[in-house]
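Colleague: I should like to learn how the features of a protein model are read, one after another. May we begin with the structure itself in view?

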Amino acid sequence: MDSVRLGETGLRVSRICLGMMSFGTGGAREWHLGEEAAEPIVRRAVDAGVTFFDTADAYSKGTGEELTGRLLRKFFGRREDYVLATKVYYPTGPGPNDRGLSRKHILDAIDASLRRLGTEYVDLYQIHRWDDETPIEETMDALADVVRAGKARYLGASSMFAWQFAKAQQVAQQVTQIPFVSMQNHYNLVYREEEREMIPLCVDQGVGVIPYSPLARGLLARTGGGTARSGSDPVADDLYGESDQAVVKAVHAVAADRGVPPAQVALAWLLGARGVTAPVVGATRAQHVEDAVAAVDLTLTAEERALVEAPYRPHPVTT
């Protein structure tokens, strides 16, 4: 698999990032996989050339990071051979300082993440959400210290309003000189509100876009029946509705004409979208990895892109 630069940095990542949220033993979702079930899925991704992996300290109560670290050490001979990303913000304990983006929590959280991951540094340290209770100056200063200490190579952000991201970048440029180099945002064929402000901002500022939920939590990939995740995923019910079925039908139509699974069409569309570096693809079966890898080599025509885009209906902006 070809590698591409993450934004305007010199860091090169695979065109597919394997999201590790599905793996771990401490989560409440029945579709979470333990290490034995996760191992062949991660192995298939590695064999296909995936070198970019994304997790978070809050996934499965920290066991997601532990599992990620063990598997990557098993499959890669050198730490330098893969790009590892994790996140900070969501609660990791019962205390009032076990969450958010305060200086205290960030410095505690990075050390805890490194212990769980079994590594001396992460390549990309991301804020999982915006923290209304902490001044962004405090957050950016603490994150810069994480980089200066060698515990992270680059900084990234995740879902927020474009004005918030612009404010954070301005603080970084004026105070720390260590800005965010990536934005992990919610972006797919049935949620395209990021095209209004966030993605143009990222393109203008040279920030890499690594969208999460590229298949709309499985909605765009489903070919019949339910899955363990679709039956126990209340978040999806809040994000997507009946108006999105027209987009799903268009994806299925293009997929049928191409003779490929719908997931490949939806991912190929995203891989060809403006500003996108690498979608963060979750997987609970090896076939999910197969579809993601195949999508890298699937180029949709202008007519096909127009067909799957046409039924889109605006959504309330979510962060």
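**Reading the features of a predicted model**

Modeller: On helix 11, the exposed residues A302 and E303 are carried by the face turned away from the buried side. Please keep in mind throughout that this model is predicted.

Colleague: Which residues of helix 11 are buried?

Modeller: Helix 11 spans residues 302-309, and its buried residues are E304, R305 and V308. Viewed down the helix axis, these buried residues fall within an arc of 100°, so they line one face of the helix. The elements that cover them include helix 8 (245-258) and helix 9 (262-271).

Colleague: I should like to turn to charged side chains. How many salt bridges does the structure contain?

Modeller: The count comes to 16 salt bridges. To read one, look for a side-chain nitrogen of Lys or Arg within 4 Å of a carboxyl oxygen of Asp or Glu. D54 and K87 provide a case, with their closest N and O atoms 2.6 Å apart. This pair links distant parts of the chain, since D54 belongs to strand 4 and K87 to strand 5 (residues 83-88), 33 residues apart.

Colleague: Are D54 and K87 buried or exposed?

Modeller: Both D54 and K87 are buried. Another salt bridge joins D81 to R78, with 2.9 Å between the closest N and O atoms. There, D81 is partly exposed at 32% relative accessibility, and R78 is partly exposed with a relative accessible area of 48%.

Colleague: What does the salt bridge between K151 and D111 tie together?

Modeller: The closest N and O atoms of K151 and D111 are 2.7 Å apart. K151 lies in the loop between helix 4 (136-148) and strand 7 (152-158), while D111 lies in helix 3 (residues 103-117), so the pair ties together parts that are 40 residues apart in sequence. K151 counts as partly exposed at 27% relative accessibility, and D111 counts as partly exposed at 28%. In addition, salt bridges with shared partners join R103, D141, D145 and R148 into one network.

Colleague: How should I read a charged residue without a salt bridge, and where is D57?

Modeller: One asks whether the residue is buried and how far away the nearest opposite charge lies. D57 is located in the loop between strand 4 (52-54) and helix 2 (63-75). D57 is buried yet has no salt bridge, and the nearest side chain of opposite charge, R116, is 4.7 Å away. That distance does not meet the salt-bridge cut-off of within 4 Å. Not counting residues up to four places away in sequence, D57 touches several residues, among them G62, E65, K87, Y90, S113 and R116.

Colleague: How does one describe a pair of aromatic rings?

Modeller: Such a pair is described by the distance of the centres and the angle of the planes. The structure holds six aromatic pairs. In the case of F76 and Y82, the ring centres are 5.0 Å apart and the planes stand at 40°, so the pair is tilted. F76 and Y82 are both buried, and together with F53 they form one aromatic cluster.

Colleague: Which charged residues lie over the ring of Y121?

Modeller: R79 lies over the face of Y121, at 4.2 Å from the ring centre. The charged end of R153 also sits over this ring, 3.6 Å from its centre.

Colleague: What should I look for in the backbone angle phi?

Modeller: Most residues other than glycine have a negative phi. In Q177, however, phi has a positive value near 60°. Q177 is found in the loop between helix 5 (162-176) and strand 8 (180-184), and Q177 is exposed with a relative accessible area of 53%.

Colleague: What is the phi of A216, and is A216 buried or exposed?

Modeller: The phi of A216 is positive too, near 55°. A216 lies in the loop between strand 9 (208-209) and helix 7 (234-239). With a relative accessible area of 1%, A216 is buried.

Colleague: Lastly, how far apart are the C-alpha atoms of A166 and Q205?

Modeller: These C-alpha atoms are separated by 9.5 Å, although A166 and Q205 are 39 residues apart along the chain. A166 lies in helix 5 and counts as partly exposed, at 35% relative accessibility.

How values were computed: Residues numbered from 1 in each chain as written. Predicted model: local features only at pLDDT ≥ 70, side-chain atom pairs only at ≥ 80, totals over all residues. Heavy atoms only, no water. Helix = DSSP H or I, 4+ residues; strand = E, 2+ residues; numbered from the N terminus. Buried < 20%, exposed > 50% of the residue type's maximum accessible area, 1.4 Å probe, protein only. Lys, Arg positive; Asp, Glu negative; His and termini not counted. Contact = heavy atoms within 4.5 Å. Arc of directions from axis to C-beta. Phe/Tyr/Trp six-rings, centres within 6.5 Å; stacked < 30°, edge-to-face > 60°. Lys NZ or Arg CZ within 6 Å of the ring centre and 35° of its normal.
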